[in-house]
Amino acid sequence: FFSSRRRHTRCLSDWSSDVCSSDLTSTLTISAGTAGVFGWYGSFWDNTTQTAATTTTAYVVTINSSDGHDGVTVEGGSRITVANAAIYNLATSIQVTNTDTQAHDATFWLRKNGSDITQSASVITVPSTHGGKNGHYLFYVDLIQQLAAGDYLEIVWAADDTHLKLETIAAGVSPTHPLSPSVIVSVTQV
């Protein structure tokens, strides 16, 4: 294991005084993993639109891109797989769109090694179309799981109406803004 001690300096100002904490010493001890890595991680997203063909089927959320990873990968387009035993935080945001004139519900949950994780489901209501625009809801969840080497997680969803979809929204031109992926996932060792 690797330990480091760092001295932190921070200056704070307000209208009456300046305080500089350089005279204060704090110690931060960090344990590194293999080859000095400070935690396994993965940053992923999907830039396709994912639809629900029926309301009686659970769909596994797909992930097709990565912004970097170490010890965490996506296998088979949906299995978020860890190479090392540890406790991990999975955070995901999912852009859900409703093209109907009625509000509809979507349910999201996690699977570990192909089995549903109890008490991991969240139900959201996606607003209806309004003013000629689709209803949108940005679903976000943050869950912690203890995983063994080789374990995998999958995000699963179901819709109560086929008008719901996980939509990638194109980049805008006026004003300019980046593409909004249908799914963003980050996994970090805690």
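**Strands, a cavity and a few odd backbone angles**

In the hairpin built from β7 and β8, three residues sit between the strands, and G76 takes a positive phi near 65°. All of this comes from a predicted model, so the angles and distances here are computed ones. The two strands of the hairpin, β7 (residues 72–75) and β8 (residues 79–82), pair in the antiparallel sense over four bridges. One of the pairs puts E75 across from R79, its bridge partner in β8.

Strand β8 also has a second partner. Together with strand β14 (residues 152–159), β8 forms an antiparallel pair over two bridges. Here T81 has Y152 of β14 as its bridge partner.

That leads on to β14 itself, a strand with several neighbours. Strand β5 (residues 59–60) is joined to β14 by two bridges, and the two run antiparallel. In that pairing, the partner of Y59 is W157 of β14. Strand β10 pairs with β14 as well, again in the antiparallel sense, this time over seven bridges. Within the β10 and β14 pairing, A106 stands opposite A159 of β14.

How many of the residues of β14 are buried? The count is eight of the eight, so the strand is largely enclosed by the rest of the structure. In a regular strand, side chains alternate between the two faces of the sheet. For β14, one side carries Y152, E154, V156 and A158, while the other carries L153, I155, W157 and A159. Every one of these residues is buried, so both faces of the strand are covered.

One of the β14 residues, I155, turns up again in the lining of the largest cavity. The search gives one cavity of 30 Å³ or more, and the largest cavity has a volume of about 50 Å³. Besides I155, its lining is made up of L90, T92, F108, W109, L110, S120, F139, V141 and L143. Three elements give two or more residues each to this lining: β9 (86–98), β10 (104–112) and β13 (135–147). Strand β10 thus appears both here and as an antiparallel partner of β14. What is the chemical make-up of the lining? Eight of the lining residues are nonpolar and two are polar, with no charged residue among them.

Charged side chains do meet elsewhere, though not often: a search of the whole structure finds one salt bridge. The partners are R111 and D116, whose side chains come together at 2.7 Å, N to O. Is D116 of this pair buried or exposed? It falls in between, because a relative accessibility of 46% counts as partly exposed.

Polar contacts of another kind are seen at T168, which has its place in the loop between β15 (164–166) and β16 (172–173). T168 counts as buried because its relative accessible area is 13%, and the limit for that class is under 20%. Its side chain reaches the backbone oxygen of N47 at 3.5 Å. A polar atom of the T168 side chain also lies 3.0 Å from the backbone oxygen of T48.

A few backbone angles are worth a look. Most residues other than glycine have a negative phi, and most peptide bonds are trans. N113 has a positive phi of about 55° although it is not a glycine. This residue is placed in the loop between β10 and β11 (115–116). With a relative accessible area of 34%, N113 is partly exposed. Q119 is another such case, as its phi is near 60°, a positive value in a residue other than glycine. Q119 is found in the loop between β11 and β12 (122–126). Is Q119 buried or exposed? Its relative accessible area is 83%, so Q119 is exposed.

The peptide bonds hold an exception too. A cis peptide bond joins S174 and P175, with omega about 0°. P175 lies in the loop between β16 and β17 (176–177).

Technical notes
Residues numbered from 1 in each chain as written. Predicted model: local features only at pLDDT ≥ 70, side-chain atom pairs only at ≥ 80, totals over all residues. Heavy atoms only, no water. Salt bridge = Lys/Arg side-chain N within 4 Å of Asp/Glu carboxyl O. Buried < 20%, exposed > 50% of the residue type's maximum accessible area, 1.4 Å probe, protein only. 1 Å grid on protein atoms, 1.4 Å probe; cavity = no way out; pocket = protein on both sides within 12 Å on 5 of 7 lines; lining within 4 Å. Points joined across faces, edges and corners; volume = space filled by probe spheres on them. Nonpolar A, V, L, I, M, F, W, Y, C, P; charged D, E, K, R; others polar. Pairing = 2+ DSSP bridges. Polar contact = N/O pair within 3.5 Å; in protein donor to acceptor, adjacent residues only side chain to side chain.
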